Structures are given as C-alpha cells and as structure tokens.
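I opened the model to look up three things: a sheet, the pockets and the salt bridges. My notes are below.

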Amino acid sequence: MACSCAHGVVFDANLLRNSALEDGLAGWAPLGACTKLSAHEEEPANVPTETINEVADDYKPSGRYILAAGRACEEDGLCQAIPGGALKPRVTYRVAGWISLGDGMAKVDGAGDAVVRINIRLGGDGEEGVEEEKCLVVEGGAVCAEAGKWTEIKGVFRLKPSPMLSGAAAVHVQGAPAGVDVKVMDLQVFAVDRKARFKKLKKKTDKVRRRDVVLKFADAGSSSAVSGASIRVMQMDQSFAFGACINPAVIQDPNFVDFFTKHFDWAVFENELKWYHTEAVQGQLHYEDTDALLDFCDRYGKPVRGHCIFWAVDNMVQKWVKALDNDQLTAAVQGRLTSLLTRYAGRFPHYDVNNEMLHGRFFQNKLGDDINAFMFKETARIDPGAALFVNDYNVEGGNDPNATPEKYIAQINALQEKGAPVGGIGLQGHVTNPVGEIICDALDKLATTDLPIWLTELDACETDVDLRADDYEVVLREAYAHPAVEGVVFWGFMQGHMWRQDACLVNSDGTVNDAGERFINLRREWTSHARGNIDCDGNFKFRGYHGSYVVQLATATGKMHKVFSVDKGDTPLVLDMDV
C-alpha cells in the first residue's frame, strides 16, 4: 500500500488492524451480550471483483469475513478499537469494506434488505453501554445490505477539534433487525489524500475537456504573407455550464448581481416556479415573481432551469392539494401542467418534472404507478423543446440507502419503460465531506444510461471556510472531469441568502471568501488563452478547452478578428481562418 503523509496525517493507511482476518478475529469484539463472532472464507465465485477503493493499486477484496450471529437487537454487531490520537481533526476519512446479510433475513416480513450502519464512537474508551453524554457518535456510513450479495461501504466522516480525539475511539458495525446475521469483509478506515486525487483528475480533465486545434491562415504556397505574424487566442465562454440559484431578494443586492453576472452562465429559481409558490391557494395563480426573475435573466442573457413542476415529497405538497380526492387531484395535476407549460413554453431549456421521487411518493400513492410517467409525457407534449430531468439528493454521496445510483437507474428505467421521455439526470449535490472516488463511482454508474448529468443544487456545508473550499474543489473537479456531466448549478452562493448557511462563496458584505476564490481560480484554470506567432506553414497550434473563442491576428497590413468554436473530438480540430 502506497501511503503519503502531510502535517502528521498518513494518508491511505488503514487505522484498523487485521481487517482481512489474517490473524483470525484478533482485534475484533462483539456488540451485544448474545452476539457471537466467527471468521469465514467466502466462495471465490461470490467475492466482489470491482471496488472504488484506491488505497492500493492492486487491492482486491480478500474473501475473508466476520459473521456476527445471535444479534438480539439492532444495536448489536461488532466493533474494533482505534488507538487514541489516531483520528485527527479536519481530516476527511473514508470507511470502506463490504457488507452482506446471512441467516435470519428471510424471517423479516416483506424485507429483502436491511440498513447496516458503521459509526465512529469517541469517548468512553469506545465501549458499548457507556452513557451517551460521555460519548460522541459520528456516522461513518450506511449500506442497504442483502443476503447473498456483497454491498460496498462508501462511508465518509470528518471530525472537528475536540478533547475526545486524544482518547480511545472505536468503529461499530450495527443495524439490521434482531436475529439477522451480519457479515463484514475488509473493513477499513483511512485518511483521504485529496491532493493526489486532484493530480489524477487534471490528467483526466485534459482528455475530456480539451482538444488540439490548428488554425490555418494560409495555404502552403502563400504562407509567407502571414508567417511570423503575431496572434492572440482568447476563450470567451465554455461549453460546460456553471449556474446559480436566484430569488427576488438577491437580485436587488448589487454585490450578488455583480458576482452572479461575472461568474455564472445559468440560473435556477429557488422557489418561484414551485407549485406551492405559484398556487398556494387553490385557483389563485401567481406568476409575478417568476416573470420578474425571467426578465432579470433575459437582461443578462442567462438561460434558466425549470425547477420544479411537481414535488413528490409529502411535506412539500400544499394542504389544499392533499385534501383533494383522486379525481380532483388528477384534474389539478393536469391544470398545473397546462397552466405552467403553456405560459412558459420555450422559456425553460430544462424541467425537473417531479422532484425527489427517490424520497417521496405522494402522487404515486394517490394516483398509481403510472402518474410519474404521465407527468413526463404530458410535459413533453405541451413543451416539446425542454429536456426533462429526474432530480434527487444524496445519490452522489454513497451514504443514503434510499438513494443509491442503482436505485436511481432503476427508477429511470421504469419511467422509460412507461414511455417517459427522460432527458437528463439531476444530482442535487447538497454535500458534506465529499470524497472524489465516491462521486466518480456514482457518475460512472449513472453514465451507463447515456443521459446527460447535471449537478443541480450544489452546496458544500462546512463552517471552516478553508475546508469548504477544499470540499467545493472535490466536487467541481470530479464533475468537470467526467464526460457525462454537462453543468453544475450552485444552490446559492452568498451569505444570508442560502438554504445551508455554512456553504457560501461570498460573504454578506460582498467580499469573496476562500471558497469563492477557489471557484474563481478553477474557472480560470479551465479557460484557455494562447499567444504566439504563425509558423512557416501558415498555421497556429494550441490546445484549448471546449467553448467559443476569438482570435486576433496582427500583420503588417492591420489586425483581424475571427470567432470560432472548439467542440468535443478525439482528433485535432483544423479550422481555415480565410485570411
């Protein structure tokens, strides 16, 4: 295992001993008076063959696992102590390994899977049964485990400075109903080396987002007229979109407007397109805020994502909508579609059709399984030019058993089988302690749908602004380096005007903080400019990011300006400048 070290932290070094059980059960202990631990070897055909774990280039799951049997309650399982002082504050840690279920799952009524959680326990010597006020319990990961199948753990945690860090700690594996055996393979806890990941992503980004360009200013026989002439190439905008959330209040703030217009290409409305905003009272439609925001975006040439037509989560549905019977609700759904989409036909390039369907089923429970596909099909009928998105949260984080990439793909497939014209995948991106490998794994899986992916509501919540800057860089580099991702939209950026207050890029007085500077620097890094002279063959060559450019050529007879675009492509782009 190749480890690196910075500021006393050894990256990619497992803090748990005997993870692969080379020494039997040494270091492991049961949780629960009735729990019995035993070591086993998995059948070779059942050992996982793919992993996102990059702590070693040659890592493969060992096939050896611990079986926790005889569990009397959900708190029972297994644990291992972590030496005092081993965990450092302000460091992002990964929890990796594999979970499966054994005997007992078949006895749980109607269940084929169960949530297993990995927690980090600080204080109380890491012991079970110590009073909660003497301990700090930190969530380290959660998986939706199944019998007969190994599910990879993609847990993450980060600790704030605390006197408890100098004392003993322990990792606990718990969850699944009483009587269900839990299997654990290769459990690891290690510090993440973000800088090493960034180096890899820069190489990936160069391949995905840049292209060789040859600007031809003369044929071979007439190159002498321009040979040696001074040339300057400047990128005007990028093919990859960056956007931000706006509302009626923020567009009155000059500091907000200045940052937004300089650094963002797209907009999304925070609440002003949602049904509960446009029709809070049945039959009383209010589009004034929507119209005002659209006028603002038109003035600055910013396209807008349509968020959202419906919202599947119960507590986001108006009381009057909940009070309708099924026939009335069906009519109300049709009325919402007709009213909104005929009024704004062609104005919104994207629509989030029914928000957060992985976490809510209001319309489905009331009107049946076909209603979601109907919403997509009817939207496409009324406004055929818009790309229609699914949109949900936690899919990119690896810690929500209800929102795995696999479940998202299954939902998309089910919609498409019913004829729904799904045109894009929205990952909201409300992140905490993001890890690049986990985000990339989700993107890779979702990319198999061949649908474009957007991060639609990005915010990174962290009180420490330096760490917040790092968190944003993790997400932005992963998104920008992935060929399936076409844009990133921030869910606000200014202090006092955000849903999550510890996520801002700009302070309330308009000063740009370290997180905002990091974003600006990344945009600058991903912008191409070139200077030089035309060669003896009448060509100028450079490698540039996808987007639109202007070239300025200075010759003895004067200056010339031309505009051109660099699109995706694996071969050099050759453009005749027609001097």
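These entries go through the sheet, then the pockets, then the salt bridges.

**Sheet**

I kept in mind that this is a predicted model. I looked up an open sheet of four strands, which run in the order E24-E14-E26-E27 with antiparallel pairing. Its edges are E24 (529-533) and E27 (558-566), and each of these pairs on one side only. I noted an average turn of 15° between neighbouring strands of this sheet, direction ignored.

Then I followed one pair. E26 (residues 547-555) runs antiparallel to E27, with nine bridges between them. Serine 548 sits opposite serine 565 of E27.

**Pockets**

Next I checked the largest pocket, at about 750 Å³. I counted on 35 lining residues here, with Val156, Phe157, Asn399, Thr432 and Asn433 closest to the centre. Which element gives the largest share of this lining? That is E9, with six residues. Elements that supply at least two residues each include strand E8 (113-122), strand E10 (151-158) and helix H10 (436-447). By type, I have 16 nonpolar, 10 polar and nine charged residues in this lining.

The second largest pocket comes to about 650 Å³. Its lining has 30 residues, and Thr151, Glu152, Lys154, Glu406 and Lys445 lie nearest the centre. E9, E10, helix H9 (405-417) and H10 each put at least two residues into it. The split for this lining is 13 nonpolar, six polar and 11 charged.

**Salt bridges**

The count is 26 salt bridges. I went through three of them.

Glutamate 462 and arginine 158 meet at 3.0 Å, N to O. They are 304 residues apart, with glutamate 462 in the loop between E22 (453-460) and H11 (465-481), and arginine 158 in E10. Buried or exposed? Glutamate 462 has 8% relative accessibility, so I put it down as buried. Arginine 158 is buried as well, at 9%.

Arginine 543 bridges to aspartate 212, with the closest N and O atoms 3.2 Å apart. Here the partners are 331 residues apart, arginine 543 in E25 (residues 539-545) and aspartate 212 in E13 (residues 210-216). Arginine 543 is partly exposed at 27%, and aspartate 212 is partly exposed at 36%.

Aspartate 470 and arginine 518 have their closest N and O atoms 2.9 Å apart. Aspartate 470 is in H11 and arginine 518 in H12 (residues 514-525), so this pair ties together parts 48 residues apart in sequence. Arginine 518 is partly exposed, at 23%.

Last entry: Arg158, Lys160, Arg194, Glu462 and Asp471 are joined into one network by salt bridges that share partners.

Technical notes:
Residues numbered from 1 in each chain as written. Predicted model: local features only at pLDDT ≥ 70, side-chain atom pairs only at ≥ 80, totals over all residues. Heavy atoms only, no water. Pairing = 2+ DSSP bridges. Axes fitted to C-alpha atoms, helices over the stretch in contact; angles between N-to-C directions. 1 Å grid on protein atoms, 1.4 Å probe; cavity = no way out; pocket = protein on both sides within 12 Å on 5 of 7 lines; lining within 4 Å. Points joined across faces, edges and corners; volume = space filled by probe spheres on them. Nonpolar A, V, L, I, M, F, W, Y, C, P; charged D, E, K, R; others polar. Salt bridge = Lys/Arg side-chain N within 4 Å of Asp/Glu carboxyl O. Buried < 20%, exposed > 50% of the residue type's maximum accessible area, 1.4 Å probe, protein only.
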